[in-house]
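Please examine the sequence and the structure shown below. The explanation after them is meant for a reader who meets this structure here for the first time.

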There are 2 protein chains.
Amino acid sequence: MRLTATSYIVLGLLARAGGQATPYALKQMAATSVGNFWTVQHAQLYTEPERLADAGLVEEERETGGRRRRRYTITAAGRAALDAWREAPVADRGELRDPGLLRLFFGADPEALGVAQVALHQAKLDEYESLHARAGQGLPSGERLALEAGIAHEREWVSFWRRLADGVRPCAGSSD
Amino acid sequence: MRLTATSYIVLGLLARAGGQATPYALKQMAATSVGNFWTVQHAQLYTEPERLADAGLVEEERETGGRRRRRYTITAAGRAALDAWREAPVADRGELRDPGLLRLFFGADPEALGVAQVALHQAKLDEYESLHARAGQGLPSGERLALEAGIAHEREWVSFWRRLADGVRPCAGSSD
DNA sequence: CCTATCATGTAATCCGTTACATGATTAT
DNA sequence: ATAATCATGTAACGGATTACATGATAGG
């Protein structure tokens, strides 16, 4: 069985939770944390733990009465897999994969696109900065650093698209 | 039939090519252009044009002799679809989705990770800058702008990971 | 009570990846 | 010639998205 990024997100969230968690709880956790830069469909938070249970990386416990909710706990094997992944050499850089950039590349009007993109990215940037100001110091260091990376990139996007919106052509290298 | 990002990459490349192109030619074009920020598996460049042909957005022509290669041309309907997409409002921001960032978020050692990531991103940055210096002025404006966005983000990554590699904790907002 | 929303899950579909496989070219 | 690489494709598998569907809970 192959472990994907989604697998490690589930394992990571379960480890972070410290105990049991239902798929819905995972969804809530993801939305306010890792979901800021890597979203997962809610259906996957129901199916992926099942796969992980088959592999022995998590343990499933089903409520007997009422809703028969599923509760998952990470196992020792799961923690080991998570640790191994954390320390494994990272072979691949992520890609930008920005839909707006794709349109720009294929000839969309820079000014119109820029205006729309600035709005999107500025909103996200505000959200990040507010989160950082409110909760930044309380976050585990990895999470805070990830948030700071997100802020830096959103700033870059805002700056990039704003220049397009203003009709000025940015030119990498011109500033140094 | 639903059009995906891959669909528009194929349509965009075919439009850019100006005439016929084989899947292999698409692969070559993608590798040196859009592939810098959005890669596509080579198998998709064989299957996706087929889907587009079913939808009437491209035309397939198969060589009769020898290798019986497939050659594709974008149709008027295809151009219309591409135009509509270019001008359509962009609803979604792209995600960072960086594997290294994911590990950082879930507790990987910042220094070790930073060292590895700096190497990856510095290499890519060098490649981009070299490409920009060599061919930048000759590129269509959208492509050049996309490349400049890529350069800006790679610079940001290098700076971010370098600080981690050096054991210094970056702090968004501290510099302004 | 009623209805809107939250919570919880399943099923089908399909795109994307991986693996396999073979036909041409080039180099030695 | 032969090996190596380039070029060209197909098939299978599986993860991810989409759509559907129903059970609880809270608000009015």
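The paragraphs that follow treat the boundary between the protein chains, then the salt bridges, and finally the surface near DNA strand C.

The model is predicted. A suitable place to begin is the boundary between chain A and chain B, where 65 residues of chain A are in contact with 65 residues of chain B. The area buried between the two chains is about 6200 Å², and carbon and sulfur atoms give 66% of this area. On the side of chain A, the residues that lose the most area to chain B are Arg93(A), Phe105(A) and Phe106(A), which together account for 14% of what that side buries.

Polar and charged groups also take part in this boundary. Between chain A and chain B the count is 17 residue pairs in polar contact, with both residues at pLDDT 80 or more. Several elements of chain A give two or more residues to the side that touches chain B, namely H1, helix H4 (76-87), helix H5 (99-105), helix H6 (110-135) and H7. Of these, H7(A) gives the most, with 18 residues. By class, the residues on this side of chain A divide into 35 nonpolar, 14 polar and 16 charged. The count of salt bridges between chain A and chain B is two. In a salt bridge between Arg93(B) and Glu154(A), the side chains meet with an N to O distance of 3.0 Å.

Salt bridges deserve a wider view. Side chains of opposite charge can pair when their charged atoms come close. Over all chains, the count comes to 18 salt bridges. Within chain A, Glu143(A) forms a salt bridge with Arg16(A), and the closest N and O atoms of the pair are 2.7 Å apart. This pair links distant parts of the chain, since Glu143(A) is in helix H7 (residues 141-165) and Arg16(A) is in helix H1 (residues 5-17), 127 residues apart. Glu143(A) counts as buried because its relative accessibility is 8%, which is under the 20% limit. Arg16(A), at 37% relative accessibility, counts as partly exposed.

A second pair in chain A joins Arg144(A) to Glu148(A), with the closest N and O atoms 3.6 Å apart. Because Arg144(A) and Glu148(A) are four residues apart in helix H7 of chain A, about one helical turn separates them. Both Arg144(A) and Glu148(A) are buried.

In chain B, Arg155(B) and Glu129(B) form a salt bridge whose closest N and O atoms are 2.7 Å apart. Arg155(B) lies in helix H7 (residues 141-165) of chain B and Glu129(B) in helix H6 (residues 110-135) of chain B, so the pair ties together parts that are 26 residues apart in sequence. Arg155(B) counts as partly exposed at 27% relative accessibility, and Glu129(B) likewise counts as partly exposed at 29%.

The last topic is DNA strand C. The strand is surrounded by 16 residues, and the closest are Tyr24(A), Arg69(A), Gln41(B), Gln44(B) and Arg51(B). By class, this surface has five nonpolar, five polar and six charged residues. Of the atoms of DNA strand C within 4 Å of the protein, 81% belong to sugar or phosphate, while the rest belong to bases. Which distances separate side chains from phosphate oxygens of the strand? For a polar side-chain atom of Arg70(A) the distance is 2.9 Å, and for one of Thr4(B) the distance is 3.4 Å. An N or O atom in the side chain of Gln41(B) is 2.8 Å from a phosphate oxygen of DNA strand C. Helix H2 (23-32) of chain A and helix H3 (44-54) of chain B are the elements that give two or more residues to this surface.

Notes. Residues are numbered from 1 along each chain as its sequence is written. Chains are lettered from A and ligands numbered from 1 in the order in which they are written. This is a predicted model: local features need pLDDT of at least 70, side-chain atom pairs count only at pLDDT 80 or more; totals for chains, interfaces and linings use all residues. Side-chain values use heavy atoms; hydrogens and water are left out. A residue is near a molecule or strand if one of its heavy atoms lies within 4 Å of it. A polar contact is a pair of N or O atoms within 3.5 Å; within protein, one must be able to donate a hydrogen and the other to accept it, and residues adjacent in sequence count only if both atoms are side-chain atoms. Ala, Val, Leu, Ile, Met, Phe, Trp, Tyr, Cys and Pro count as nonpolar, Asp, Glu, Lys and Arg as charged, and the others, Gly among them, as polar. A salt bridge is a side-chain nitrogen of Lys or Arg within 4 Å of a carboxyl oxygen of Asp or Glu. Buried means under 20% relative accessible area, exposed over 50%, partly exposed in between (1.4 Å probe, protein chains only). Contact means heavy atoms within 4.5 Å. Buried area is the accessible area (1.4 Å probe) that two parts lose on being put together, summed over both.
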